[in-house]
Amino acid sequence: MARIIGGLTTSHIPSIGNAVPNEDELRNDPYWKPFFAGYPPAREWVQKMKPDVAVVIYNDHGLNFFLDKMPTFSIGAAAQYTHADEGWGIPTIPPFRGDADLSWHIIESVVEDEFDVTTCQEMLVDHGFTVPMSLFWKGNTYSDVKVVPVCINTVQHPLPSPARCFKFGQAIGRAIESYPKDIKVVVLGTGGLSHQLDGERAGFINKKFDLLCMDKIVNDPEALTRYSIPELVELSGAQGAEFILWLTMRGALGGKVRMVHSNYHIAISNTATALMVIEKAA
Ligand code: DHB
Ligand code: FE
């Protein structure tokens, strides 16, 4: 049977995607140093654990879905996913290999569990998906890992509540663990932490709340499911609501977990960046 070996979270700011190819030079740059310093232990964990598949819970920022058609929950079921983000010129990183068989298994299982997802047999992926993959698989060495993109709307209100996302994650966890093939699966939750990109509160960051989220997501995720979306926006900024993606990842891990590694840094661009490596407790 398939086994979930752990969870990875990271912020997914587009400028990181631009910096990643120059990491070896930027590692000692005062702006980037505290950010990149967090990643070597996470990459060592990935290399040691050797996941066969990464289920990537992320949000699309207007590339694959726009405001006219915005599914709340969607899952990719393609053999390949191409990066086609807009911000820094058309990217040239290698495409991602899909695991369409696992995608369909997850889709069937979560629909049975009353989550009526949009199924995408073609899907472009943006920085919400690609930046984390390029960070955890340095040099874009992700050709050995297949992917299943799980996309949640964090852009066009109404957004699904933290409680709903946690339950969606639990349904994804049940789906993965009922997959008959003997594979190791890592679940990624991308985005966050506190940030607001526009409006009167542009640049808003809330370190106290971010650190609370990083603690509770390990030890007491149910406490985080009690926030409403307006409360989450007030506490972590309009785009800080991307935290629901982390909470979905945590739902998929289920039960007790332990933190293996974390990093928190203010700020790349306008965002409090954070990284966590979480393992299921034995
Ligand atoms: C930034 C952060 C994001 O999560 C995003 O999707 C785009 C930009 C930023 O901080 O610049
Ligand atoms: Fe984002």
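This is a short tour of the iron ion and ligand 1 in a predicted model.

**Stop 1: the iron ion.** Select ligand 2, the iron ion, and show the side chains that hold it. Which residues coordinate the iron ion? They are His12 and His61, each through its NE2 atom, and Glu242 through OE, at 2.0 to 2.3 Å. Along the sequence, these donors follow the spacing H-x48-H-x180-E.

**Stop 2: His12 and Glu242.** Now colour the chain by secondary structure and find these two donors. His12 sits in the loop between strand E1 (3-10) and helix H1 (14-19). Glu242 is in another loop, running between helix H10 (229-236) and helix H11 (243-253). The pair therefore ties together parts that are 230 residues apart in sequence. Switch on the protein surface next: are His12 and Glu242 buried or exposed? Both are buried.

**Stop 3: around ligand 1.** Select ligand 1 and display the residues around it. You will meet His12, His61 and Glu242 again, along with Ile13, Pro14, His127, His195, Leu197, Ser269, Asn270 and Thr271. Sorted by class, this shell has three nonpolar residues, seven polar ones and one charged one.

**Stop 4: polar contacts.** Zoom in on the oxygen atoms of ligand 1 and try your distance tool. A polar side-chain atom of His195 lies 2.9 Å from one of the ligand's oxygen atoms. For His12, the distance from a polar side-chain atom to an oxygen atom of ligand 1 is 3.1 Å, and for Glu242 it is 3.2 Å. Finally, look at how the protein covers the ligand: taken alone, ligand 1 exposes 300 Å², and the protein buries 89% of that.

Notes: Residues are numbered from 1 along each chain as its sequence is written. Chains are lettered from A and ligands numbered from 1 in the order in which they are written. This is a predicted model: local features need pLDDT of at least 70, side-chain atom pairs count only at pLDDT 80 or more; totals for chains, interfaces and linings use all residues. Side-chain values use heavy atoms; hydrogens and water are left out. Donors are N, O and S atoms within 2.8 Å of the metal (3.2 Å for Na, K and Ca); water is not among the atoms, so sites may look incomplete. Helices (H or I, at least four residues) and strands (E, at least two) are DSSP runs, numbered from the N terminus. Buried means under 20% relative accessible area, exposed over 50%, partly exposed in between (1.4 Å probe, protein chains only). A residue is near a molecule or strand if one of its heavy atoms lies within 4 Å of it. A polar contact is a pair of N or O atoms within 3.5 Å; within protein, one must be able to donate a hydrogen and the other to accept it, and residues adjacent in sequence count only if both atoms are side-chain atoms. Accessible areas come from the Shrake-Rupley method with a 1.4 Å probe; for residues, only the protein chains shown count as cover. Ala, Val, Leu, Ile, Met, Phe, Trp, Tyr, Cys and Pro count as nonpolar, Asp, Glu, Lys and Arg as charged, and the others, Gly among them, as polar.
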